[in-house]
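Student: Could we go through this model together, one question at a time, before I rely on any part of it at the bench?

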Amino acid sequence: MHIELTEMLRCPESHEEALLVMSTGEMLGRMVRTGILGCPVCRREYAIIHGVVHFSGNVKRETGNVEGADTSFPVSRFPFPVDAQTLQALLDLSGPGGYVVLVGSAARHAVGLAALMGGIHFVGVNPPPDAEELPVLSLLRCDTLIPLRPAMARSVVVGSDCAAAPWLAEARRVLLRGRRLVIEDEQVSAPEGVTKLASGHGLWVGEKQ
């Protein structure tokens, strides 16, 4: 996980938001490979293992494992529904900076998009099991929500494996107003507060009001 992403994270527990506190272990450049994130409100701790932040399960400090965390998420039935150039156009982004959130199987687009969109950091939430962190990609796992602060993402792409109401509502929550939401399922209903722009070829595109 990129160390600067820390200020954008939120505890998944139901309480007021507060900045999480990080205790770093191994680092590779600006990427945190091992460590602990602590919530100052509820005192819960979350493990960073092999660069992935686990917001579900219990921390096992001695072994570096997460107990009770489900790390096997279904793979999209449309693994590569669109090429990176098309997806970049749908996201309608210009200029570097900020974050693009990729939910579920959509994390597979990070490498292709990063090659076209320099200076943007990508955040993969509940990525496929074979996903690995990169200097341009931080990985988070959480069973209940997107563990990010509201209105922090320049764009959000939701994979077909997460194209359900709870995750779409979360995608809207973390998206900045006036920015694009792309869903790898053209049959979904528009999340509340998102205006549909287009659908077809396995994709749904909207904009946050």
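Student: Is Leu116 buried, partly exposed or exposed?

Tutor: In this predicted model, Leu116 belongs to helix α2, which covers residues 110–116. The class depends on relative accessible area, where buried means under 20% and exposed means over 50%. Because the relative accessible area of Leu116 is 34%, the residue counts as partly exposed.

Student: Which residues does Leu116 contact, leaving aside its neighbours within four places in sequence?

Tutor: One of these partners is Gln88, which lies 28 residues from Leu116 in sequence although the two C-alpha atoms are 7.6 Å apart in space. With the neighbours within four places set aside, the contacts of Leu116 are Ala84, Gln85 and Gln88.

Student: In what order do the strands of the open sheet follow one another?

Tutor: The sheet is built from 11 strands with mixed pairing, and from one strand to the next the twist averages 20°. Its edge strands, each of which pairs on one side only, are β1 (21–24) and β14 (194–200). Read across the sheet, the order is β1-β4-β5-β6-β11-β10-β9-β12-β13-β15-β14.

Student: Why is β12 described as largely enclosed by the rest of the structure?

Tutor: On one side, β12 runs parallel to β9, joined to it by 5 bridges, and it also pairs in the parallel sense with β13 over 5 bridges. Within these pairings, Ser155 is the bridge partner of Val100 and stands opposite Arg180 of β13. The strand is called largely enclosed because its buried residues number 6 of the 6.

Student: Which strands does helix α1 touch where it packs on the sheet?

Tutor: Helix α1 spans residues 84–91, and its direction makes about 150° with that of β13. The strands it touches are β12, β13 and β15 (203–208).

Student: Which residues of α3 are buried?

Tutor: Helix α3 lies across β12, β13, β14 and β15, and runs at about 145° to β13. The cover over its buried residues includes β12, β13 and β15. Those buried residues are Trp167, Leu168, Glu170, Ala171, Arg173 and Val174.

Student: Which two residues touch the most other members of the largest nonpolar core?

Tutor: As background, nonpolar side chains in soluble globular proteins tend to be buried together. Here the largest such core has 39 residues, and the elements that each supply at least two of them are β5 (45–49), β9 (99–103), β10 (121–125), β12 (153–158), α3 (165–174) and β13 (175–183). The largest share, 4 residues, comes from α3, while the members touching the most others are Leu148 and Val156.

Student: What does Leu148 touch, not counting residues up to four places away in sequence?

Tutor: Some of its partners are in elements already discussed, including Val101, which falls in the range 99–103 of β9. The list for Leu148 in full is Leu5, Met8, Leu9, Arg10, Val101, Val123, Leu140, Arg173 and Val174.

Student: How many residues are in the other core that lies apart from it?

Tutor: The members of this other core include Val100, Leu113, Leu137 and Leu203. The core has 21 residues.

Student: Which residues form the aromatic pair, and is it stacked, tilted or edge-to-face?

Tutor: The structure holds 1 aromatic pair, and both of its partners are buried, Tyr46 at 0% relative accessibility and Phe55 with a relative accessible area of 2%. The ring centres are 5.0 Å apart, with 45° between the planes. The partners are Tyr46 and Phe55, and the pair is tilted.

Student: Which residue takes a positive phi in the hairpin of β14 and β15?

Tutor: The two strands pair in the antiparallel sense over 6 bridges, with Gly200 standing opposite Leu203. There are 2 residues between the strands, and the positive phi, near 55°, belongs to His201.

Student: Over which residues does pLDDT stay under 50?

Tutor: For the chain as a whole the mean pLDDT is 89, and 88% of the residues reach 70 or more. Where pLDDT is low, the predicted coordinates should not be read in detail. That caution applies to a stretch for which the model has 44 contacts beyond four places in sequence, namely residues 59–80.

Methods:
Residues are numbered from 1 along each chain as its sequence is written. This is a predicted model: local features need pLDDT of at least 70, side-chain atom pairs count only at pLDDT 80 or more; totals for chains, interfaces and linings use all residues. Side-chain values use heavy atoms; hydrogens and water are left out. A nonpolar core is a set of buried Ala, Val, Leu, Ile, Met, Phe, Trp, Tyr and Cys residues joined through side-chain atoms within 4.5 Å. Buried means under 20% relative accessible area, exposed over 50%, partly exposed in between (1.4 Å probe, protein chains only). Contact means heavy atoms within 4.5 Å. Two strands pair if DSSP finds at least two bridges between them. Axes are lines fitted to C-alpha atoms, for helices over the stretch in contact, and angles run from 0 to 180 degrees between N-to-C directions. pLDDT is the predictor's confidence in each residue, from 0 to 100. Rings of Phe, Tyr and Trp (its six-membered ring) pair if their centres lie within 6.5 Å; planes under 30 degrees apart count as stacked, over 60 as edge-to-face and the rest as tilted.
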